[in-house]
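Visitor: Can you walk me through this model? Keep it quick.

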Amino acid sequence: MASTTTSPVLSTRALNRATLDRQLLLRPSPLTAEQAVHHLVGLQAQNTKPPYYALAARLDGFRPEELSGLMESRAVARIVSLRSTVHTHTARDSVALRRLVQAGAIDRELRMFRKGLDGVDLDRLAALATAYVEERPRTPKDLRTHLLEVWPQADPQSLTIAARCLLLMVQVTPRGLWRRSGQVALTTVRSWFGDGGVVDLAVDDHLVDETVLRYLGAFGPASVRDVQTWCGLTRLRPVLERLRPGLLVFRDEHGTELFDLPDAPRPDEDTPAPARFLPEFDNLLLSHADRTRVVPAELRGRTWTGNQSHPVFLLDGFLAGLWKLEEGKERTTLTIEPFGAVSRAQRAELTAEAERTLRMMGGEGVPYEIVLEK
């Protein structure tokens, strides 16, 4: 074990290659969709299509119908979890991770809306909302209307947020299915997954330790602040200290202490990193306090408009531009917008990766074109 004063230094490129390898982005992975969702500890799913494109960038021979099938069979589900945002998780993680992060960003979100809940008994709200959505899945509008009948003086949005924060609710299918998605409708994890099994998972030190180790396996090497940024929890230093004897310790170029699994891949920093197209809100770009391992400092903020993230592409492992997809009945167009100059070889690499993506994700029989802007 290296001491904290003599820990080896990992360059930004070394961190980049290590993270890309664990994110299944250095080479197409043979994992199934379910295995990948588990390995990546969930897929950001603010919108319905990003989980599909996230897997298309990572898996060998991925077909969108595979993830849709997992959603229909209830092997995976859409739920508010990490950072109080919607993720696609395996059934077990839907429950375990949501319960784990409850005391972080989710409870903070509830406190932000507490003023609009003056006079509202939160225990009664949770009981009424549970009974209502377990009778049959309900839209947020239905749920809000139902709660307003009991508390007409309350702020409508605050009532909806309270139910979202207090209850473990999944977005039921067809929401999120490939090319068949519907409006958001909610029910509880107990109603969706059934009694027993994953629903009875409890939060304890074992679950906390397991989750931190899984994070390192998918996003490491990482600092304490990195782990906290990813999950929305605070005060995780004692957890890393508890785990320290079984971990390796490094430092980045700024001296920040980084923890890692002893057997996790750490490729040479000169390992080739192929072009990759990532969806909006991809967790690769959201799961570290210091994002320079993927996002060059001069490009910070270039991938957002307000609170909306844009799809991005990587060149040589780092953020290099945006892309957008326009799907029509007669033609699909993928437009690539580099932030800077790209070489002839890079243009060929981007075009080849765009073609691979479109072959996996495009509609049957619909021609496509690729526009690479200068």
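The chat below goes from the whole protein to single residues.

Visitor: What kind of model is it, and what are the ground rules?
Guide: It is a predicted model: local features need pLDDT of at least 70, side-chain atom pairs count only at pLDDT 80 or more, and totals for chains, interfaces and linings use all residues. Residues are numbered from 1 along each chain as its sequence is written, and side-chain values use heavy atoms, with hydrogens and water left out.

Visitor: How many helices and strands does the protein have?
Guide: There are 13 helices and 14 strands. Both are DSSP runs numbered from the N terminus: helices are H or I with at least four residues, strands are E with at least two.

Visitor: How does the radius of gyration sit against the globule rule?
Guide: It is 22 Å, close to the 21 Å that the rule gives for 374 residues, so the protein is as compact as a globular protein of that length. The radius is taken over C-alpha atoms, and the rule is 2.2 Å times the number of residues to the power 0.38. The C-alpha trace spans about 65 × 60 × 35 Å along its principal axes.

Visitor: What share of the residues is buried?
Guide: Buried residues are 55% of the 374. Buried means under 20% relative accessible area, exposed over 50%, partly exposed in between, with a 1.4 Å probe and protein chains only.

Visitor: And contacts at long sequence separation?
Guide: Take the contacts with a separation of 6 or more: 67% of them are between residues 24 or more positions apart. Contact means heavy atoms within 4.5 Å.

Visitor: How far apart are the mean positions of the charges?
Guide: They are 3 Å apart, for 48 positive and 48 negative charges. Lys and Arg count as positive, Asp and Glu as negative; His and the chain ends are not counted. Each charge is placed at NZ of Lys, CZ of Arg, CG of Asp or CD of Glu.

Visitor: Switching to helices. Is α11 mostly covered or mostly open?
Guide: Mostly covered. Helix α11 spans residues 224–231, and 6 of its 8 residues are buried. Among them are Val224, Trp230 and Cys231.

Visitor: What covers them?
Guide: The cover includes α5, α10, α12 (237–243) and β7 (257–260).

Visitor: What sits at either end of α11?
Guide: Gly232 follows α11 and has a positive phi, near 85°. On the other side, Pro221 is in the loop between α10 and α11. The peptide bond from Gly220 to Pro221 is cis, with omega near -5°.

Visitor: Any other cis bond?
Guide: Thr173 and Pro174 are joined by a cis peptide bond, with omega about 15°. Pro174 is in the loop between β4 (169–171) and β5.

Visitor: Back to α10. What does Arg214 touch?
Guide: Arg214 lies in helix α10, residues 205–219. Leaving out residues up to four places away in sequence, Arg214 touches His38, Val41, Arg92 and Asp93. Arg214 counts as buried because its relative accessibility is 14%.

Visitor: Now sheets. What is the strand order in the open one?
Guide: The order is β1-β3-β2-β4-β5, 5 strands in all, with antiparallel pairing. β1 (43–44) and β5 (186–188) are at the edges with a single partner strand each, so one side of each has no neighbour in the sheet. Two strands pair if DSSP finds at least two bridges between them.

Visitor: How does β1 connect?
Guide: 2 bridges join β1 to strand β3 (residues 86–90), antiparallel. Gln44 has His87 as its bridge partner in β3.

Visitor: And β7, which you named as cover?
Guide: Strand β6 (residues 248–251) pairs with β7 over 4 bridges, antiparallel. Phe250 stands opposite Leu258 in β7. The hairpin has 5 residues between the strands, and Gly255 takes a positive phi near 90° there.

Visitor: Which way do the β7 side chains point?
Guide: Glu257 and Phe259 point one way, Leu258 and Asp260 the other, and all are buried.

Visitor: Which residues other than glycine have a positive phi?
Guide: Phe281 is one of them, with phi near 65°. Phe281 is in the loop between β8 (276–278) and β9 (304–305), and is buried at a relative accessible area of 10%. Asp316 also has a positive phi, about 50°. Asp316 is partly exposed, at 34% relative accessibility.
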